[in-house]
Amino acid sequence: MAEIRLDKFLADRTKYSRNEVKALLKKGAVRADGIIITDPKQKINPEMQEITLGGKKIHGGEHIYLILNKPEGYICATEDKQHKTVLELVPEELRRKDMFPAGRLDIDSTGLVLVTDDGELAHQMLSPKHHVPKYYLVTLARPFEESYLQSLADGITLSDGTACLPVQARQISEKRCLVCLHEGKYHQVKRMFASLGNHVEHLHRVAVGSLVLAPDLPSGGHLEVFHKDILKMLKAESFSAMCEQIMLAFSSYLINDRH
Ligand code: URA
């Protein structure tokens, strides 16, 4: 990456405006490789130098990719008057102006959400053309019935007549299963199980593409991932290979019976 002006770098990579950045520089809050810089016109190379603001390292990459383990009570939006948004889970020093959650989980669903400022990648991930598979651990109110497997594989018709694409599923325990969706209709998992005469008590998204949520990432925690991990999100693995990986990764989650 070529050299760029320090004030532009900070305004692009943080929530602050160019004027706010100038004020912070004046206060001596910004350092390049440990040396306080007050001149907004100072040129820096973000790949070679460590830039800190208020002691916190500012991420130098063009785009940022964060995997969140969304807790209940947060919505996947950039702002909301009523509810907390997943952006509030991103620490200050990693926040950027154009950040957004790529994809949605309901307020009461938990698990993997990608937050990024890379619009092009998000478009690829969300485009129906790419059919990026998403995996959910589903906890039902009543026992999972074997007949569900065929109904899901045939494609469920929702109560309003909407036809769903075939869904792969595996029963894990009496009231638990893992499902893999290749599309994202509104409240789809909940509505599919309602059509089958059951009720979803809890949904935890555990993987997107071939990227499995780190099982030790605490609820509300974040993990920075890089382009190679993101490529995993765009790559589909076989359902059985993903089931093995997910079951292994989430064995203690399942034993602890969190939901
Ligand atoms: N399907 C749902 O019903 N809810 C979600 O949050 C995700 C998929």
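## Exercises on a pocket and a helix

The largest pocket is lined by 31 residues, and those nearest its centre are Arg104, Leu105, Tyr136, Gly184 and Lys185. A pocket here is an open set of points on a 1 Å grid over the protein atoms alone, where a 1.4 Å probe fits, with protein on both sides within 12 Å along at least five of seven lines; lining residues have an atom within 4 Å of a point. The model is predicted: local features need pLDDT of at least 70, side-chain atom pairs count only at pLDDT 80 or more, and totals for chains, interfaces and linings use all residues. Residues are numbered from 1 along each chain as its sequence is written, and side-chain values use heavy atoms, without hydrogens and water.

**Exercise 1.** Find which helix or strand gives the most to the lining of the largest pocket.

*Solution.*
- Step one: helix H3 (119-126), E12, H5 and E15 each supply at least two lining residues. Helices (H or I, at least four residues) and strands (E, at least two) are DSSP runs, numbered from the N terminus.
- Step two: H5 gives the most, with three residues.

**Exercise 2.** Work out how the buried residues of H5 are arranged around its axis.

*Solution.*
- Step one: list the buried residues (under 20% relative accessible area, 1.4 Å probe, protein chains only). In H5 (residues 188-195) they are Gln188, Val189, Met192 and Phe193.
- Step two: they cover an arc of only 125° around the axis, so they sit on the same side of H5. The arc is taken from the directions from the helix axis to the C-beta atoms.

Conventions
Buried means under 20% relative accessible area, exposed over 50%, partly exposed in between (1.4 Å probe, protein chains only).
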